[in-house]
Amino acid sequence: FRTNTIRFFKLLMILFTSRITMHTSDSDVSSSLSTLSLEGQFSFHDMSHAAKDFGNRFQLLPSAVLQPKSVSDISTTIKHVYQMGARSQLTVAAQGHRHSLQGQAQAPGGVVIQMESFKGPGIQVQQGKLPYVDVAGGELWINLLKETLKYGLAPKSWTDYLHLTVGGTLSNAGISGQAFRHGPQISNVYQLEIVTGKGEVMTCSPAENADLFYGVLGGLGQFGIITRARIALEPAPKMVKWVRVLYSNFTTFTQDQEMLIAAENTFDYIEGFVVINRTGILNNWRSSFSPQDPVQASHFTSDGKTLFCLEMTMNFNPDETEIMNKEIYMLLSKLRYIPSTLFQSEVTYVEFLDRVHVSELKLRAKGLWEVPHPWLNLLIPRSKIHNFADGVFGNILRDSSNGPILLYPLNKSKWDNRTSVVIPDEEVFYLVAFLSSAPSSANHDTLESALKLNADILDFCKQADIGMKQYLPYYTKEEDWRTHFGSRWKVFAQRKLDYDPLAILAPGQRIFRKTT
Ligand code: FAD
């Protein structure tokens, strides 16, 4: 009897362990998900669109795509995957506007949640002393802008391109030329609604569930899905004066940039870019920028040198034109650009903020938008920006015909170190963005050579001890992620355990692996 009892328990154990290690097949996935009671719907066929992104290099097919119609749809789906536990390899990726570069919003074999399908109660503007807007995580910034402008208001901090979702940019940081003053977009959020990796719906803010709030901001989608965000607003200007000037000396260029971002009375937007070895650059510039003095502008060529363009704007309303012009004159008189290279233009606020969309339409018409984009975005500490420039511009990189290279300084004091984003540990640091395109038609622009240049730049940063941090980081090994986060890895990993213990969320970031 005793031997039989032992055998029976052994058999039970085998059955039990085989059940928990048995993985769910594709057909099991669709049958289990289709039993869920949802307002939105799943699709299990023709999911190739969910395996694409702007980078156009990674295509990882999911098993199912959810078009949610409510927060409860998102919560029910995640709870279901969570409860399947180790029996299933299913992961879940929130997908915004799919403008990631290396498959970060994809879920190989998992569930993709198309956030743009869920609009919630719509875009709700609150006027008053501290105006704000409540908006669904899958809303595009361009729609947010158009709605808030109806109230004479607008968000304070932007990205250069507005056809990105609120949840997508808040999962990174959201940086543009206003960030020196207002901080990145993640510094301008009052409250979030989150569905965690356990399927719980939580409201969070600096006063309520603060750890989750800060964790999600810049958290690369690891701790929860942003279903709603409350974003700070300010009075919106009607017009923008848009100014560009050129430098041939990197030191003078960066000193002027730093002087401008430190000043109290300064421009409203400050960026810059690098032009290497291109002649007749102004013909290319004018694709989205029309200087008032085209005759003077067209006389200027770069003669094959490396030039640095400082780009600034000042907001104004039509009745403030005179005072705005005086202020600009004052500010420009302090700068040391090449005198014949002052180009100015006046556009509406929307035209300025939505400027990259104009280029997008032109590139789309030529079939040059949906090409591979081997972009590399780096944050470089101020103390090393000259070493970096010496090593990279005109040296590793001998021309900039593959795409723009942005370079502008940011103030660390405008970033909140409780968020998950990682930045260099210096008061001023630079965003340097290599925004390359690799159309297959152009022999010298092959993807491989662009990726090789990126690898060389990263290698140079390591060898020269630049103290660089990647923005929109891409690593595939845990040790590289640990290095990226440095002393903050412990907090990041603990937050993962707290809010997404099975590592279900955002598998495309390749930071944590679901344990099965
Ligand atoms: P997706 O690519 O769909 O998702 C990005 C990541 O966020 C994924 O891991 C995804 O799972 C996660 N995610 C998406 N939605 C949510 C959600 N609701 N909740 C939680 N996680 C979510 N960035 C800047 O900072 N400044 C710029 O000026 C700038 N300009 C850009 C211009 C272009 C043309 C492009 C293509 C990108 C630019 N970016 C810029 C980068 C951009 O901010 C990021 O790629 C951003 O993630 C894109 O948003 P998305 O809606 O397409 O997100």
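Helices, of at least four residues, and strands, of at least two, are DSSP runs numbered from the N terminus. In this predicted model, the protein holds 17 helices and 18 strands. The chain has 516 residues, and 54% of them count as buried. Contacts between distant parts of the sequence are frequent: among contacts with a separation of 6 or more, 76% join residues 24 or more positions apart. The protein exposes about 23000 Å². Carbon and sulfur atoms supply 52% of that area.

The ligand was examined next. Around the ligand stand 32 residues. Those that come nearest are Ala94, Gly96, Ser100, Thr165 and Tyr471. By residue class, the shell divides into 13 nonpolar, 17 polar and 2 charged residues.

Several polar atoms of the protein lie beside polar atoms of the ligand. For His99, a backbone N or O atom is 2.7 Å from an oxygen atom of the ligand. Asn172 uses its side chain instead: one of the N or O atoms there is 3.0 Å from a ligand oxygen. At Ile175, a polar backbone atom lies 2.7 Å from a nitrogen atom of the ligand. On its own, the ligand has 960 Å² of accessible area, and the protein covers 95% of this. Three elements each give two or more residues to the shell. They are strand E3 (92-95), helix H5 (166-170) and strand E10 (224-235).

Attention then turned to one residue, Gln470. This residue is found in strand E18, which spans residues 469-471. Is Gln470 buried or exposed? Its relative accessibility is 8%. Buried means under 20%, so Gln470 counts as buried.

The side chain of Gln470 takes part in polar contacts. It reaches the backbone nitrogen of Tyr474 at 3.0 Å. A further polar contact, of 3.4 Å, joins the side chains of Gln470 and Tyr475. Which residues does Gln470 touch, leaving aside those up to four places away in sequence? They are Asn377, Leu378, Leu458, Tyr475 and His484. Tyr475 therefore appears twice in the surroundings of the buried Gln470, once as a residue that Gln470 touches and once as a partner in a side-chain polar contact.

How values were computed
Residues are numbered from 1 along each chain as its sequence is written. This is a predicted model: local features need pLDDT of at least 70, side-chain atom pairs count only at pLDDT 80 or more; totals for chains, interfaces and linings use all residues. Side-chain values use heavy atoms; hydrogens and water are left out. Buried means under 20% relative accessible area, exposed over 50%, partly exposed in between (1.4 Å probe, protein chains only). Contact means heavy atoms within 4.5 Å. Accessible areas come from the Shrake-Rupley method with a 1.4 Å probe; for residues, only the protein chains shown count as cover. A residue is near a molecule or strand if one of its heavy atoms lies within 4 Å of it. A polar contact is a pair of N or O atoms within 3.5 Å; within protein, one must be able to donate a hydrogen and the other to accept it, and residues adjacent in sequence count only if both atoms are side-chain atoms. Ala, Val, Leu, Ile, Met, Phe, Trp, Tyr, Cys and Pro count as nonpolar, Asp, Glu, Lys and Arg as charged, and the others, Gly among them, as polar.
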